[in-house]
Amino acid sequence: MDASKKQPGYAALALMQITAGGSAGFVEVCLMHPLDLIKTRFQIQRGPDDPTRYTSMLDCVRKMYRTEGALSFYKGILPPILAETPKRATKFFTFEQYKKIFLFGADSPTFLTLTFAGLFAGLTEAVVINPFEVVKVQLQADRNRFVQQQSAYSKAREIVSRDGLGFRGLNKGLTSTLLRNGVFNMVYFSFYHNLKPLIPKSTSANVDLVWRLAIGFCAGTFGSLLNIPFDVAKSRIQGPQPQPGVIKYSKCLSTIVLVYREEGFFALYKGLLPKVMRLGPGGAIMLIVFETVYEKLQLWFS
């Protein structure tokens with residue numbers, strides 16, 4: 001940036017980071033929500049004796065379309081839309097702040113700086129979004145037609161009136177969300193920002209964009225591969241229990257062990273394909289939208 005231009009202050013930088021992060025989240029959730037819903041459906045289904053079991057992604061799409069309607073793929077979208085602006089704003093803003101905290105005396109961010117900053121940004125994000133996740137998962141698990149489904153507000157009120165705001169109510173599954181988001185963002189930010197400086201210099205903006213999209217895709221994919229057992233545990237804890245009134249899944253690690261013992265190792269990777277299909281390109285989209293909006297805001301504030 002031209003040194004003669006006025007440098008934005010802390011408040012302006014914070015506003016730019018929050019705005020760019022919120023924009024990135026909004027675009028990503030609008031494009032990728034159907035895959036998130038399919039992922040959740042796979043994660044909450046149990047073994048071969050589950051009468052509502054899906055056998056593949058295509059089977060899930062067909063059954064949902066036939067029995068629940070085309071709009072069913074957007075079930076539970078309101079909570080993430082309402083949460084995405086503060087969620088991604090928190091994610092990107094706190095990542096920038098944690099980078100300063102974890103410099104460990106270095107002049108510029110190191111591998112450890114980016115790794116720790118990503119981890120703590122994910123943990124912070126998890127605290128903000130967990131109540132929205134509880135509502136979203138329960139709406140996504142509902143197999144009624146879209147027009148028959150409860151509203152997000154009605155579902156949230158039902159959860160609070162029945163179970164309260166605590167760890168059995170609107171904040172259930174918080175540990176799983178912390179581990180899921182912490183691990184994902186640790187890998188996601190560290191991978192992207194450590195590899196981005198290695199992109200070959202090019203005079204073509206399109207070539208540079210393709211490289212950044214590719215690295216962002218890999219960052220989202222690797223993060224998904226490592227955090228999905230925590231995501232499965234989160235869906236089991238926050239979703240409907242196998243027997244109404246009996247809490248089978250309540251704690252993160254015990255849920256992972258229980259799923260492993262009853263359904264096998266690969267059950268911990270249920271929903272991996274739709275998850276990767278969402279967070280691979282979705283991760284790339286978020287980073288590109290964030291950087292693009294942030295650059296535009298820098299020019300405007302300067």
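Leaving aside neighbours within four places in sequence, which residues is Asp-142 in contact with? The answer is a set of four: Arg-41, Glu-68, Lys-75 and Gln-149. Keep in mind while looking around that this is a predicted model.

**Around Asp-142**

To find Asp-142, go to the loop that sits between α4 (111-141) and α5 (152-163). If you'd like a sense of distance from there, try Ser-254, which is 112 residues away from Asp-142 along the chain. The C-alpha atoms of these two are 25 Å apart.

**How α1 packs against two other helices**

Next, have a look at helix α1, which covers residues 10-44. Here are two of its pairings side by side.

| Helix pair | Axes | Angle | Residues of the contact by class |
|---|---|---|---|
| α1 and α9 | within 8 Å | roughly 160° | 24 nonpolar, six polar, five charged |
| α1 and α7 | 9 Å apart | about 75° | three nonpolar, three polar, three charged |

Start with α9, which spans residues 272-301. Angles over 145 degrees count as roughly antiparallel, and α1 and α9 cross at roughly 160°, so these two helices are roughly antiparallel to each other. Their crossing is right-handed.

Now turn to α7. Its axis and that of α1 make an angle of about 75°, and that makes the two helices roughly perpendicular. On the α1 side of this meeting you'll find Lys-39, Thr-40, Gln-43 and Ile-44. Facing them from α7 are Ile-228, Asp-231, Val-232, Ser-235 and Arg-236.

**Gln-238 in α7**

Stay with α7 a little longer, since Gln-238 belongs to this helix, which runs over residues 205-238. Is Gln-238 buried or exposed? It's buried, because its relative accessibility is 0%, and buried means under 20%.

So what does the side chain of Gln-238 pair up with? One partner is the side chain of Asn-130, joined to that of Gln-238 by a polar contact of 3.0 Å. Another is the backbone oxygen of Lys-172, which is 3.1 Å from a polar atom of the Gln-238 side chain.

Those two residues also turn up in the wider list of what Gln-238 touches, once residues up to four places away in sequence are set aside. Besides Asn-130 and Lys-172, that list holds Glu-133, Val-134, Val-137, Gln-138, Gly-173 and Thr-177.

Methods: Residues are numbered from 1 along each chain as its sequence is written. This is a predicted model: local features need pLDDT of at least 70, side-chain atom pairs count only at pLDDT 80 or more; totals for chains, interfaces and linings use all residues. Side-chain values use heavy atoms; hydrogens and water are left out. Helices (H or I, at least four residues) and strands (E, at least two) are DSSP runs, numbered from the N terminus. Buried means under 20% relative accessible area, exposed over 50%, partly exposed in between (1.4 Å probe, protein chains only). A polar contact is a pair of N or O atoms within 3.5 Å; within protein, one must be able to donate a hydrogen and the other to accept it, and residues adjacent in sequence count only if both atoms are side-chain atoms. Contact means heavy atoms within 4.5 Å. Axes are lines fitted to C-alpha atoms, for helices over the stretch in contact, and angles run from 0 to 180 degrees between N-to-C directions. Angles under 35 degrees count as roughly parallel, over 145 as roughly antiparallel, 65 to 115 as roughly perpendicular and the rest as oblique. A crossing is left-handed if the near helix is turned anticlockwise from the far one by less than a right angle, and right-handed if clockwise. Ala, Val, Leu, Ile, Met, Phe, Trp, Tyr, Cys and Pro count as nonpolar, Asp, Glu, Lys and Arg as charged, and the others, Gly among them, as polar.
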